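Open the model in your viewer and keep the selection box ready. Each stop below says what to pick and what is there.

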Amino acid sequence: MERDYHLEKRKYLIGGTAVLVVLAFMVRLFALQIMSDDYKRNADSNALLQSIKYPARGLIYDRNGKLLVFNQPAYDITVVMKEVKDLDTTDLARTLGVEPVFLRKRFRDLRDRRLNPGYSRYTHQVLMTQLSSEDCAVFREKLFRFPGFYIQGRTIRQYGFNAGAHILGDIAEVSKSDMELDDYYQRGDFIGKLGVERSYEKQLRGEKGVEILLRDARGRIQGNYMGGALDRAPVAGKNLTLSLDIELQELGERLLEGKIGSIVAIEPSTGEILCLVSSPSYDPHLVVGRHRGENHLKLARDPWKPLLNRAIMGVYPPGSTFKTSQALTFLQEGIIVPSTPFSCSHGFNFRGLHVGCHSHGSPLPLIPALATSCNAYFCWGLYHMIGAKSKYGTVQRAMNTWRDYMVSMGFGYPLGIDLPGEKRGMIPNAAFYDKAYRGSWNGLTVISIAIGQGEVTLTPLQIANLGATIANRGYFITPHVVKGIEGEPLDTLYTSKRYTKVEAKNYDYVVEGMRAAVLGGTCRYANIPDIEACGKTGTAQNRGKDHSAFMGFAPMNNPKIAIAVYVENGGFGAVYGVPIGKLMFEQYLKGKLSPDSEVLANDIQQRRIYYGIQER
């Protein structure tokens, strides 16, 4: 009886197992035939061939309509692995002008789904990119010997000027992460990597088209499927107009040749960047074509770091250019009035602390203090604001009040320029000093920030934006390099005014001080006939030779250009910063340099600074 029970139980177990197996097969069959289109795609791929049609990338112009970036024909070699038969790799390598080992590695990479997630034996895979017309012509003649290989037409970038590489950026083949972030891309596609090519990739790239071709049983093309009814034409990318003045950009790069530094010029009324120079720079033609990779590697290994966009990524002590922001803060907070005098005994001397200064009259009020760039004046101002008897009650509250003014002027955080990689610089607050000094600090501890030293660092872009804000008497528009996008408005970030915490009337006093600096102070070499320029020098202390800086704008009323010049290891601001600023003003406002200014430009161009050592 017990034996019969076990046999009955085994019968149900075997029967249940059989039913489960049948159900599993049915579910799998349903998934393959109904839910999945893999077999349909494979069947279609035997009869149909989808040929991607790449759009022309958008063109890039400068503010005066000069063509900066355009397209030229190039060709990719693609392969459909299922169609490859009896491939002579050595012959193919010889025809394409590459080594056989290179081709074998490319084939391995194509089949590796970790590197090429979209791999299929039935679809086009990009084997080589950016062949020139000459290289492609050789391959086209022998194409019949390599079944499964195709020529795909596309375009690559070309440049009208050997300038502006950091702004324009470049394009390169998409990475795995690029493809994962946006399914528009597939292996072999190109994407903007730097500059406006990166920031405005979606506008510049356009939309791909497709041509569906019918093949016979031997894979030969028979024409367009359904007469081309399902084909889709590519849509060209949108053109960009930059705010850049390419002639001003070229002059800036010429003046910084052989030096490390930056020049940034802004149109104050719009926030449009007129030039953005980073030195050393590089020829944008180097990062185009099949040799882009090796050239990019050389640039990346260069100890002078030409790929670094110092205009937005370099952070430096602003030096005395920062005194203008201190004057504005002290005026607005009632720490001083324009007539408030402070003494200068060859510097700031108080309770054993000494901050040096050059010789000039003493005591002196605000406007002469700006004109002569008196260190002591601004140290006294900060001491009265953050000192023990300040009106804020605690040093922490005073410090954070000061910080809030600096942030309102565009310091301490990225401004939001439409280029990738912008740095924020450093504006310390009370928490920073509480941590650094364990809560035991006062106005004398941090006195060097009053003259743009100590913990304060800014980017050249932020220094230029300070000039634009003063020129506007209290507001700025977020700096941007794109002036217009074809058929599309600019982001409101680049059209909206951003006001500081300082009233316009207080800016008038600082403008007067900067004008006095040009007429007879530290910026007198920036004086230009018929142009009322305003300026402020900066000599930023450094472990080696001091950095040379200049910040200014012109004309004084209805200003058209604001500028920052920063030359590493250049010495006093008047050595490099001021004369370079003057030449840039003249070029932009007058359209050319005078004969005397051309002589000065040639002299500055011929000077070289290698790690603080000047040579001619």
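**Stop 1: a surface patch.** Select Val-19, Leu-20 and Leu-23. In this predicted model, the three form a nonpolar patch on the surface. Together they offer about 290 Å² of accessible area. Now pick Leu-20 alone. Leu-20 sits in helix α1, which covers residues 2-35. Is Leu-20 buried or exposed? Leu-20 counts as exposed because its relative accessible area is 59%, and the cut-off for exposed is over 50%.

**Stop 2: confidence.** Colour the chain by pLDDT. The average is 89, and 90% of the residues score at least 70. Then select residues 37-44. Here the pLDDT is below 50. Beyond near neighbours in sequence, this stretch makes two contacts in the model. Where pLDDT is low, the predicted coordinates should not be read in detail.

**Stop 3: the whole chain.** Zoom out. Switch to cartoon and count 21 helices and 22 strands. The chain has 616 residues, and 52% of them count as buried. Take the contacts between residues at least 6 apart in sequence: 71% of them join residues at least 24 apart. Show the surface next. The accessible area is about 28,500 Å², with 54% of it belonging to carbon and sulfur atoms.

**Stop 4: the nonpolar cores.** Which residues touch the most other members of the largest nonpolar core? Select Ile-60, Leu-242, Leu-276, Phe-378, Ile-386, Trp-402 and Ile-470. This core holds 100 residues. Its largest share, nine residues, comes from helix α15 (residues 375-386). A second core, separate from this one, has 34 residues. Leu-274, Val-518, Ile-561 and Phe-585 are among them.

**Stop 5: Ile-60 and Val-196.** Centre on Ile-60. Leaving aside neighbours within four places in sequence, its contacts include Leu-67, Val-69, Arg-157, Leu-168, Glu-197 and Leu-240. Val-196 is another of the contacts of Ile-60, so move there next.

Val-196 belongs to helix α8 (residues 195-199). Why does Val-196 count as buried? Its relative accessibility is 0%, and buried means under 20%. With neighbours within four places set aside, Val-196 is in contact with residues including Ile-60, Ile-167, Leu-242, Leu-419, Val-481 and Val-482. Draw a distance from its C-alpha atom to that of Gly-169. The separation is 6.0 Å, although the two residues are 27 apart along the chain.

**Stop 6: two cis peptide bonds.** Select Ser-362 and Pro-363. The peptide bond joining them is cis, with omega about -5 degrees. Pro-363 is in the loop between β14 (353-356) and α14 (366-372). Jump to Ala-554 and Pro-555. The bond between them is also cis, with omega near -15 degrees. Pro-555 lies in the loop between β19 (547-554) and β20 (561-567).

**Stop 7: positive phi.** Stay in the loop between β19 and β20 and pick Asn-558. Phi of Asn-558 is near 55 degrees, a positive value in a residue other than glycine. Asn-558 counts as exposed because its relative accessibility is 56%.

Finish at Arg-438, in the loop between α17 (430-437) and α18 (460-471). Phi of Arg-438 is near 55 degrees, again positive in a residue other than glycine. Is Arg-438 buried or exposed? With a relative accessible area of 81%, Arg-438 is exposed.

Key
Residues numbered from 1 in each chain as written. Predicted model: local features only at pLDDT ≥ 70, side-chain atom pairs only at ≥ 80, totals over all residues. Heavy atoms only, no water. Helix = DSSP H or I, 4+ residues; strand = E, 2+ residues; numbered from the N terminus. Buried < 20%, exposed > 50% of the residue type's maximum accessible area, 1.4 Å probe, protein only. Contact = heavy atoms within 4.5 Å. Areas by Shrake-Rupley, 256 points an atom, 1.4 Å probe, with all protein chains shown as cover. Patch = residues over 30% accessible without salt bridge, like charges linked within 9 Å, V, L, I, M, F, W, Y side chains within 5 Å. Salt bridge = Lys/Arg side-chain N within 4 Å of Asp/Glu carboxyl O. pLDDT = per-residue confidence, 0-100. Core = buried A, V, L, I, M, F, W, Y, C linked by side-chain atoms within 4.5 Å.
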